[in-house]
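Me: I am new to this structure and would like to go through it slowly, one question at a time. Could you take me through the surroundings of the ligand?

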Amino acid sequence: MKMNWTKKDLLSLEELSKEEIELILQTAESFKEVSTRDIKKVPALRGKTVVNLFYEPSTRTRVSFEVAAKRLSADVINIATETSSVKKGETLIDTGKNIQALKADIIVMRHNYSGAAAMLARSLEISVVNAGDGWHEHPTQALLDIFTLKEKLGRIAGLKVSIVGDIAHSRVARSNIWGLTKLGAKVTVCAPAMLIPPAIEEMGVYVTSDIDQALRSADAINVLRMQFERDEQNAFPKQLEYFKNFGITAERLQKAKKDIIVMHPGPINRGIEMSSEVADGLNSVILEQVTNGIAVRMAVLFLVAQAAESKNAENIN
Ligand code: CP
């Protein structure tokens with residue numbers, strides 16, 4: 001029997017069960033076809049309003065949520081915090097309560113502080129979708145990564161997936177680890193020792209700083225962006241040094257499985273995390289990840305809106 005989605009918010013993959021993750025993936029599969037139609041629209045969220053509230057820069061996630069909401073026939077409003085009353089000192093909760101008072105149904109938020117999305121969700125009756133909070137989680141990125149892997153390889157259980165790069169500062173890594181391990185994948189994380197957070201093994205991953213070992217038997221690698229903007233102590237390896245020791249090159253890939261899947265959440269630092277030859281090569285699915293983000297975000301918006309509707313109906317009856 002198909003399970004029902006009951007959560008008004010999507011805040012993290014840590015809080016989801018395997019069945020809830022699978023429901024999002026199945027719902028995304030059914031929405032993927034919409035983007036291939038001449039008229040790329042279904043009426044599922046007609047009359048609903050989605051507000052994109054981004055406190056940090058974004059290209060893929062913000063546009064992808066906007067496209068997803070529009071494909072579901074929702075009205076979409078984008079708030080750039082640089083030109084909003086946030087600049088006058090308005091708190092996050094006050095901003096959220098005002099957006100709720102303006103009768104929005106869903107806030108999609110990116111914020112630089114871990115836990116900001118959960119804090120906002122606790123303060124509001126309307127839905128909150130986490131589009132990345134600090135170093136904590138980026139659930140829809142991991143969902144689209146997992147969706148792409150499943151589409152390419154037919155399964156997640158038993159796959160060997162290596163996540164390479166700045167694990168310490170990566171919300172993408174944390175969400176991928178939660179999602180992949182819940183679905184039965186074997187996850188390795190690989191980075192210079194200083195970019196591996198303490199006790200990461202407790203999340204059920206194998207840890208190495210040997211890139212060739214991380215590549216050797218992997219079915220897929222997810223290569224993370226080096227977040228040099230977070231290097232406040234100027235302690236990261238220098239760019240050329242990082243590329244020499246951890247960069248994914250065609251030469252390194254020759255020692256991996258011939259059909260290894262190469263992923264990157266973007267934006268890519270070409271010549272630092274990977275060479276252009278790899279980023280644009282036959283093993284790369286980086287742009288397919290971006291395309292799949294639309295279906296995955298359609299599924300998330302649809303499910304949280306459905307849960308909110310069910311709660312409203314319960315309150316009326
Ligand atoms: N992958 C990702 O979150 O990209 P953006 O920062 O462009 O949204």
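Me: How do the residues of the shell around the ligand divide into nonpolar, polar and charged?

Reply: This is a predicted model, and in it the ligand is surrounded by Ser 58, Thr 59, Arg 60, Thr 61, Arg 110, His 138, Gln 141, Pro 265 and Gly 266. Sorted by character, the residues of this shell come out as one nonpolar, six polar and two charged.

Me: From which domains does the shell around the ligand draw at least three residues each?

Reply: The surrounding residues include Ser 58 and Pro 265, so the domain bounds need to be consulted for both. The shell takes at least three residues from each of domain 1 (18-138 + 294-316) and domain 2 (140-289).

Me: Which residue has a backbone N or O atom 3.2 Å from a nitrogen atom of the ligand?

Reply: Two other contacts involve oxygen atoms of the ligand: one is 2.8 Å from a polar backbone atom of Thr 59, and one is 2.9 Å from an N or O atom in the side chain of His 138. The protein buries 91% of the 250 Å² that the ligand exposes when taken alone. The backbone atom lying 3.2 Å from a ligand nitrogen belongs to Gly 266.

Me: What is the volume of the largest cavity?

Reply: A search of the whole structure finds two cavities of 30 Å³ or more. The largest cavity is lined by residues including Arg 60, Gln 141 and Pro 265, and these three are also among the residues that surround the ligand. The volume of this largest cavity is about 60 Å³.

Key: Residues numbered from 1 in each chain as written. Predicted model: local features only at pLDDT ≥ 70, side-chain atom pairs only at ≥ 80, totals over all residues. Heavy atoms only, no water. Near = heavy atom within 4 Å. Polar contact = N/O pair within 3.5 Å; in protein donor to acceptor, adjacent residues only side chain to side chain. Areas by Shrake-Rupley, 256 points an atom, 1.4 Å probe, with all protein chains shown as cover. Nonpolar A, V, L, I, M, F, W, Y, C, P; charged D, E, K, R; others polar. 1 Å grid on protein atoms, 1.4 Å probe; cavity = no way out; pocket = protein on both sides within 12 Å on 5 of 7 lines; lining within 4 Å. Points joined across faces, edges and corners; volume = space filled by probe spheres on them.
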